[in-house]
Structure formats: C-alpha cells, structure tokens
Amino acid sequence: IKSNISPQYKFILQFSPSSQQYIINKELISIKSILFSNYISSSDSSFDFTKANVNAKSSDFDSIVKFIMDGAIEIQSKDILDLLDLSIYFMIDNLTSCIEILLEEIIDFDNVLCLIEISKDYDLTFLYRACIIFLMIHLTEIKSKGMIKHLQAEDKEQLKQFLLINNKSL
C-alpha cells in the first residue's frame, strides 16, 4: 500500500486473515481512540485486529477504520452489537455514542426488555434511561402485555422513580 504520510506519522492497521491493511495518520487515530493512542505512545507503529481479544469480521474491521478516517459509517442492524463491542474495546467513544443513539431510535415493545439488558451490559446510561421512559410512556400497554413481571427488581425501581417524578404509579 502506497501512502503519502511521512513515516513518523504513519500507523498501520491490519487484519491478517484477509491481508487487509490501512495506513492512517497517527494523530488522527490517537484522537479517535484511547486504545490506539496508547499503542502509538508506546512507539508501536502498527496494530493487527486479529491479535486483539475480540471476535471481528473483515467487514467490522472496515467499518471501524472507515469511522476513524471519515467520522461516519452506515451500520447494518445485524452488525450493530458487533460494532458496539469493538467500539467499546477500542475505546472509540464517538462510535459508541452513535450506536447508542441508533439503539434509542429503535426502542419498541418487542425489544425494550432486551435493550434494557444491553444498556446495562455496556453501561449505556442514555439508552437505559430511554428504555425506562419508553416503559413509563407506554405503561398501560406494558401492564396489559404483562411485561412488568419480566423486569428485574432494579429496573422496576427505576421505573417507579420515573413514575413518582411524573405523579404516576406502577
């Protein structure tokens, strides 16, 4: 791969199984990712995704690199949790925030309980709050569908707190 980036500013991201390789400016990648910033400060000049302790596909690798370089990507719903894993692992906070916003936009009756668990697993506080607010707004339907019994105690407590603030009851 040819690059017009001078060697002292060059950082190589590679995905060994497919021999994919991207040459990125060190300053750019260190701004986008705390993890890569640490690699650069330790004088490493490359990173191989396959050596990381993550389950990444070639397309995930491309998406991460595209986000680092362009600041935006299209995310397919089937890839969203894989990209969330990678964004957290590589400490790409802007990508994590974008994914959290996407997840907030798809909250519905079929996935709200699952999204609550995802929000807790990944410490996505805005997504968690959005799920609880969804439950509060749709309380009548939630009760009639029997979904309340599937909430964990801590989630029921959060819902009660939100309801109290809004002068409603569970």
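pLDDT is the predictor's confidence in each residue, on a scale from 0 to 100. I start there since what you see above is a predicted model. For this chain the mean pLDDT is 86, and 96% of the residues reach 70 or more. Confidence is lowest in helix α2, residues 34–41, where the mean is 80. Helix α6, residues 112–121, is where confidence is highest, at 96.

First, the sheet. There are 3 strands in an open sheet, in the order β2-β1-β3, and the pairing is mixed. The edge positions are taken by β2, residues 20–25, and β3, residues 46–48. Each of these two has a single partner strand, so one side of each is left without a neighbour in the sheet. From one strand to the next, the twist averages 15 degrees.

As a general reminder, strands of a sheet pair through backbone hydrogen bonds, either parallel or antiparallel. Here β1, residues 10–15, and β2 run antiparallel, joined by 6 bridges. One bridge to look at is that of phenylalanine 15, whose partner in β2 is glutamine 20.

Next, which helices lie on this sheet? Helix α3, residues 58–70, packs on the sheet and touches β1 and β2. The direction of α3 makes about 15 degrees with that of β2. Helix α2, the one with the lowest confidence, lies across β1 and β3. The direction of α2 is at about 120 degrees to β1.

Staying with α3, take isoleucine 64, which is found in that helix. Is isoleucine 64 buried or exposed? Its relative accessibility is 0%, and buried means under 20%, so isoleucine 64 counts as buried. Not counting residues up to four places away in sequence, isoleucine 64 touches Phe49, Leu83, Leu86, Ser87, Ile92 and Leu95. Of these, take Ile92: it is 28 residues from isoleucine 64 in sequence, and the C-alpha to C-alpha distance is 8.9 Å.

Moving along the chain, helix α4 covers residues 80–89, and isoleucine 80 is found in it. Isoleucine 80 has a relative accessible area of 12% and is therefore buried as well, by the cut-off of 20%. Leaving aside neighbours within four places in sequence, isoleucine 80 is in contact with Ile75, Ile99, Leu102 and Leu103. Isoleucine 80 and aspartate 60 are 20 residues apart in sequence, with 9.7 Å between their C-alpha atoms.

Leu103 brings us to a helix pair, since it is one of the α5 residues in the contact with α7. How do helix α5, residues 93–105, and helix α7, residues 125–137, sit relative to each other? Their axes come within 9 Å and cross at roughly 10 degrees. An angle under 35 degrees counts as roughly parallel, so α5 and α7 are roughly parallel to each other. On the α5 side the contact is made by Glu100, Leu103 and Glu104. On the α7 side the residues are Thr125, Phe126, Leu127 and Ala130. By type, the contact residues divide into 4 nonpolar, 1 polar and 2 charged.

Last, serine 119, which has its place in helix α6, the helix with the highest confidence. Serine 119 has 2% relative accessibility, so it counts as buried. Not counting residues up to four places away in sequence, serine 119 touches Leu124, Leu127 and Tyr128. Among these, Leu127 also takes part in the contact of α7 with α5.

That is what I have for this model.

Methods: Residues numbered from 1 in each chain as written. Predicted model: local features only at pLDDT ≥ 70, side-chain atom pairs only at ≥ 80, totals over all residues. Heavy atoms only, no water. Helix = DSSP H or I, 4+ residues; strand = E, 2+ residues; numbered from the N terminus. Pairing = 2+ DSSP bridges. Axes fitted to C-alpha atoms, helices over the stretch in contact; angles between N-to-C directions. Contact = heavy atoms within 4.5 Å. Parallel < 35°, antiparallel > 145°, perpendicular 65-115°, else oblique. Nonpolar A, V, L, I, M, F, W, Y, C, P; charged D, E, K, R; others polar. Buried < 20%, exposed > 50% of the residue type's maximum accessible area, 1.4 Å probe, protein only.
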